[in-house]
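Hi,

Here is the structure I said I would pass on. Have a look at it first, and my notes follow underneath.

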Amino acid sequence: RIRLLPYAVERPALAARADSEPRADVPRLLFLGALEHRKGLDVLLHALARLRIAHPRATLDVVGNGPLR
């Protein structure tokens with residue numbers, strides 16, 4: 001099951017790259033947390049693979065540090 005959540009942070013607070021302007025038709029996911037197995041990043045990666053079937057340009061940004069880095 002995949003759920004879409006609204007931005008939890010106001011866009012001006014995010015430092016976006018010039019080439020990464022958000023588009024409403026392209027899903028962009030963000031993982032922000034410890035890179036540990038218990039955080040379920042593997043589940044998110046499988047969900048991204050499924051999402052990319054319908055939305056091939058979907059992206060995932062992973063921000064964090066830990067053993068899985």
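Let me start with a question: does Asp61 count as buried, partly exposed or exposed, and at what relative accessibility? Asp61 counts as partly exposed, because its relative accessibility is 23%, and the cut-off for buried is under 20%. Bear in mind throughout that this is a predicted model.

First, the general layout. The protein chain has 1 helix and 2 strands, and going from the N terminus the order is β-α-β. Of its 69 residues, 14% count as buried. The chain exposes about 6,000 Å², with carbon and sulfur atoms supplying 57% of that. As for contacts with a separation of 6 or more, 67% of them are between residues 24 or more positions apart.

Now the helix. α1 covers residues 41–54, which makes 14 residues. From its first C-alpha to its last it reaches 21 Å, close to the 20 Å expected at 1.5 Å a residue. Which residues of α1 are buried? They are Leu41, Leu48 and Leu51. These three cover an arc of only 70 degrees around the axis, so they sit on the same side of α1. There is a general rule behind this sort of pattern: an α-helix has 3.6 residues a turn, so residues three or four places apart point the same way. On the other side of α1 you will find Val43, His46, Arg50 and Ile53, which are exposed.

And what do the buried residues of α1 pack against? Their partners are the strands β1 (28–32) and β2 (59–63).

Back to Asp61, with its charged partner. The structure holds 2 salt bridges, and one of them joins Asp61 to Arg28, where the closest N and O atoms are 2.8 Å apart. Asp61 belongs to strand β2 and Arg28 to strand β1, so this pair ties together parts that are 33 residues apart in sequence. Arg28 counts as partly exposed because its relative accessibility is 36%.

Another salt bridge links Arg38 with Glu36, and here the closest N and O atoms are 2.7 Å apart. Arg38 has a relative accessibility of 67%, so it counts as exposed. Glu36, at 25%, counts as partly exposed.

The strands also contribute to the surface. Leu30, Leu32 and Val63 make a nonpolar surface patch of about 310 Å². If you want one residue to click on there, try Leu32, which lies in strand β1. Leu32 counts as exposed because its relative accessibility is 66%.

One last spot to look at is the loop between α1 and β2, where Pro56 is found. Is Pro56 buried or exposed? Pro56 is exposed, with a relative accessible area of 54%. Pro56 and Pro27 are 29 residues apart in sequence, and their C-alpha atoms are 9.3 Å apart in space.

If you only have a minute, I would look at two things: the side of α1 that carries Leu41, Leu48 and Leu51, and the salt bridge between Asp61 and Arg28.

Cheers

Technical notes:
Residues numbered from 1 in each chain as written. Predicted model: local features only at pLDDT ≥ 70, side-chain atom pairs only at ≥ 80, totals over all residues. Heavy atoms only, no water. Helix = DSSP H or I, 4+ residues; strand = E, 2+ residues; numbered from the N terminus. Expected span 1.5 Å × (residues − 1). Buried < 20%, exposed > 50% of the residue type's maximum accessible area, 1.4 Å probe, protein only. Arc of directions from axis to C-beta. Contact = heavy atoms within 4.5 Å. Salt bridge = Lys/Arg side-chain N within 4 Å of Asp/Glu carboxyl O. Areas by Shrake-Rupley, 256 points an atom, 1.4 Å probe, with all protein chains shown as cover. Patch = residues over 30% accessible without salt bridge, like charges linked within 9 Å, V, L, I, M, F, W, Y side chains within 5 Å.
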